[in-house]
Amino acid sequence: LGAGIATGTSIALINIARLIEVHLLYDMHPYKLPYWKPLVSGVVATFAWVGIRPMLHLTGWLWAGGIGLFGVMYVLVFIALGLDDEDRLILRAVKRRVLKQLGRGSS
């Protein structure tokens, strides 16, 4: 476990150093602001989950509902951060796919 944590940490630090190097040498930003929305959504949803989980007393199969609740929190935070054109395109495609599958399932 310790070796895994050390390896993951060192890889993360090397990648961060590379990002800083590219920024300093070439004045380039490899990530746009919308790229950070999933990370921010995940962090906020995780902190919210850690805060409310003790109050829910999830045991057994109720954990599945807890995972769904975490997913809902993630999506709500993501939407609260604002949707750009690419996000809307993906949501439309998912909506079409779900509606198509529901149409098949009801026949």
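Helix α3 covers residues 62-80, and because its 19 residues should span 27 Å at 1.5 Å a residue, the 27 Å found between its end C-alpha atoms agrees with expectation. The model described here is predicted, and every distance, angle and accessibility below is computed from it.

**Helices α3 and α1**

Within α3, the residues G66, M73, V77 and F78 are buried. These residues cover an arc of only 135° around the axis, which means that they sit on the same side of α3. V72 also lies in α3, but with a relative accessibility of 45% V72 counts as partly exposed. Just after the helix comes G82, which takes a positive phi of about 100°; the C-alpha atoms of V72 and G82 are separated by 16 Å, although the two residues are 10 residues apart along the chain.

Helix α1 can be examined in the like manner: its 25 residues reach 36 Å from the first C-alpha to the last, close to the 36 Å expected at 1.5 Å a residue. The residue that follows α1 is D27, whose phi is positive, near 50°. Most residues other than glycine have a negative phi, and D27 has its positive value although it is not a glycine. D27 is found in the loop between α1 and α2, where it is exposed, with a relative accessible area of 58%.

**Histidines around the first loop**

H23 belongs to helix α1 and is partly exposed, its relative accessible area being 31%. Leaving aside neighbours within four places in sequence, H23 is in contact with M28 and H29. H29 itself is found in the loop between α1 (2-26) and α2, and at 60% relative accessibility H29 counts as exposed. Two longer separations help to place these histidines in the model: H29 and H57 are 28 residues apart in sequence and 44 Å apart in space, C-alpha to C-alpha, whereas H23 and D85 are 62 residues apart in sequence and 27 Å apart in space, again C-alpha to C-alpha.

**Charged pairs**

Side chains of opposite charge can pair when their charged atoms come close. The count for this model comes to 2 salt bridges, and the table sets out both pairs with their nitrogen-to-oxygen distances.

| Salt bridge | N to O distance | Source |
|---|---|---|
| K37 and D87 | 2.7 Å | closest N and O atoms |
| R88 and D85 | 4.0 Å | side chains, N to O |

What does the salt bridge between D87 and K37 tie together? D87 lies in helix α4 (residues 85-105) and K37 in helix α2, so the pair ties together parts that are 50 residues apart in sequence. Both partners, D87 and K37, are buried. K37 lies in helix α2, which covers residues 37-56, and K37 is counted as buried because its relative accessible area is 11%, under the 20% cut-off for that class. Not counting residues up to four places away in sequence, K37 touches F78, L81, G82, L83, D84 and D87. Among these contacts are F78, one of the buried residues of α3, and G82, the residue with the positive phi just after that helix.

The salt bridge of R88 with D85 is set within one helix: being 3 residues apart in α4, R88 and D85 are separated by about one helical turn. At 39% relative accessibility R88 counts as partly exposed, while D85 is exposed, with a relative accessible area of 62%.

**A nonpolar surface patch**

The surface also carries a nonpolar patch formed by L19, Y31, L33, Y35, W36, L39, V40, V43, V44, F47 and L81, with about 1100 Å² of accessible area together. Which helix gives the most residues to the nonpolar patch? α2 gives the most, with 5 residues. One of the patch members is F47, whose place is in helix α2; at 61% relative accessibility F47 counts as exposed. Another member is L81, and L81 is also among the residues touched by K37.

Helix α2 therefore holds residues of both kinds of surroundings, since K37 is buried, with a relative accessible area of 11%, whereas F47 counts as exposed at 61% relative accessibility.

Key. Residues numbered from 1 in each chain as written. Predicted model: local features only at pLDDT ≥ 70, side-chain atom pairs only at ≥ 80, totals over all residues. Heavy atoms only, no water. Helix = DSSP H or I, 4+ residues; strand = E, 2+ residues; numbered from the N terminus. Buried < 20%, exposed > 50% of the residue type's maximum accessible area, 1.4 Å probe, protein only. Contact = heavy atoms within 4.5 Å. Expected span 1.5 Å × (residues − 1). Arc of directions from axis to C-beta. Patch = residues over 30% accessible without salt bridge, like charges linked within 9 Å, V, L, I, M, F, W, Y side chains within 5 Å. Areas by Shrake-Rupley, 256 points an atom, 1.4 Å probe, with all protein chains shown as cover.
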